[in-house]
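Welcome! Here are a few exercises to work through with the structure open beside you. Try each task before reading its solution.

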Amino acid sequence: MRAPLSWIREYVDLPADVTTEDLAARLTSLGLKLEAIEKPGDAITGPLVVGRVLTMEPEPQKNGKTINWCTVDVGDANGTGEPQGIVCGAHNFEPGDLVVVILPGGTLPTPHGPLTVSARKTYGHVSAGMICSTAELGLGDDGQGGIIVLPADAGEPGDDAFAVLGLRDEVIEFEINPDRAYALSLRGIARE
């Protein structure tokens with residue numbers, strides 16, 4: 001059973017200083033078996049924001065790949081309010097879509113260690129950031145290599161994407177024994 005800490009707090013008035021580890025230890029002492037504590041956005045640092053794709057120009061390359069040269073509104077998150085120019089290889093989004101953007105200076109998890117994003121020249125353009133997929137954020141394998149396209153009402157350009165995606169919401173995972181079936185619900189865990 002996976003129980004986000006924010007959801008548990010909806011049922012129980014926990015002190016503000018209670019950490020996920022403290023709560024997991026208390027619930028374990030009551031008989032629930034701790035499987036894992038997940039901190040989904042823990043390995044991501046720096047400016048991760050909501051962006052709106054303004055333009056998207058496909059550009060075929062000599063290697064047979066087609067990249068998209070995009071301009072993305074990131075609000076005031078870049079310090080200028082001007083749109084960011086970003087090269088992206090995915091094709092599952094279009095102008096007008098809200099996407100997740102990590103700006104230069106941000107760090108993403110990779111299997112080979114942290115990757116710090118910088119403005120760099122690639123495919124003939126200076127790409128100032130990265131439009132992100134779930135795999136690039138370390139949130140799982142997206143299967144298709146596609147960009148996260150947010151709902152139209154998810155936020156405004158420049159909003160903190162950590163909050164929009166719930167990346168700061170820690171999750172406690174319990175192994176539930178058959179004699180504790182009530183703990184297969186958040187209410188049951190909250191009752192404990």
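## Exercise 1: The largest pocket

The model you see is predicted. Its largest pocket has a lining of 22 residues, and V87, R120, S127, G129 and M130 are those nearest the centre.

**Task.** Find out how much space lies in the largest pocket, which strands each supply at least two residues of its lining, and how the lining divides by class.

**Solution.**
- Step 1: begin with the volume. The space in the largest pocket comes to about 410 Å³.
- Step 2: look for the strands. At least two lining residues come from each of β5 (84–88), β8 (115–116), β9 (119–122) and β11 (130–131). The largest share, three residues, belongs to β5.
- Step 3: sort the lining by class. Eleven of its residues are nonpolar, eight are polar and three are charged.

## Exercise 2: The second largest pocket

**Task.** Work out which residues lie nearest the centre of the second largest pocket, and which element gives the most to its lining.

**Solution.**
- Step 1: take the volume. About 200 Å³ of space is found here.
- Step 2: go to the centre. Of the 13 residues in the lining, L14, L23, R26, L27 and E192 lie nearest to it.
- Step 3: trace the elements. Two or more lining residues come from each of α2 (20–29) and α4 (186–191). With four residues, α2 gives the most.
- Step 4: check the classes. This lining has ten nonpolar residues, three charged ones and no polar ones.

## Exercise 3: Cysteines without a bond

**Task.** Explain why C88 has no bond to C70, and decide whether C88 is buried or exposed.

**Solution.**
- Step 1: count the disulfides. The structure has zero.
- Step 2: check the distance. The cysteine sulfur closest to that of C88 is in C70, and because 5.7 Å separates the two, they are too far apart for a bond; a disulfide needs the sulfur atoms within 2.5 Å.
- Step 3: turn to C132. This cysteine is in no disulfide either, and its nearest cysteine sulfur, in C88, is 9.1 Å away.
- Step 4: compare accessibility with the cut-off, under 20% for buried. C88 has 6% relative accessibility, so it counts as buried. C132 has 0%, so it counts as buried too.

## Exercise 4: A residue in β9

**Task.** Place T122 in its strand and name the residues that it touches, leaving out those up to four places away in sequence.

**Solution.**
- Step 1: locate the residue. T122 is part of strand β9.
- Step 2: judge its accessibility. The value for T122 is 17%, so this residue counts as buried.
- Step 3: list the contacts. With residues up to four places away in sequence set aside, T122 touches V87 and S127. Both V87 and S127 are among the residues nearest the centre of the largest pocket.

Terms used:
Residues numbered from 1 in each chain as written. Predicted model: local features only at pLDDT ≥ 70, side-chain atom pairs only at ≥ 80, totals over all residues. Heavy atoms only, no water. 1 Å grid on protein atoms, 1.4 Å probe; cavity = no way out; pocket = protein on both sides within 12 Å on 5 of 7 lines; lining within 4 Å. Points joined across faces, edges and corners; volume = space filled by probe spheres on them. Nonpolar A, V, L, I, M, F, W, Y, C, P; charged D, E, K, R; others polar. Buried < 20%, exposed > 50% of the residue type's maximum accessible area, 1.4 Å probe, protein only. Contact = heavy atoms within 4.5 Å.
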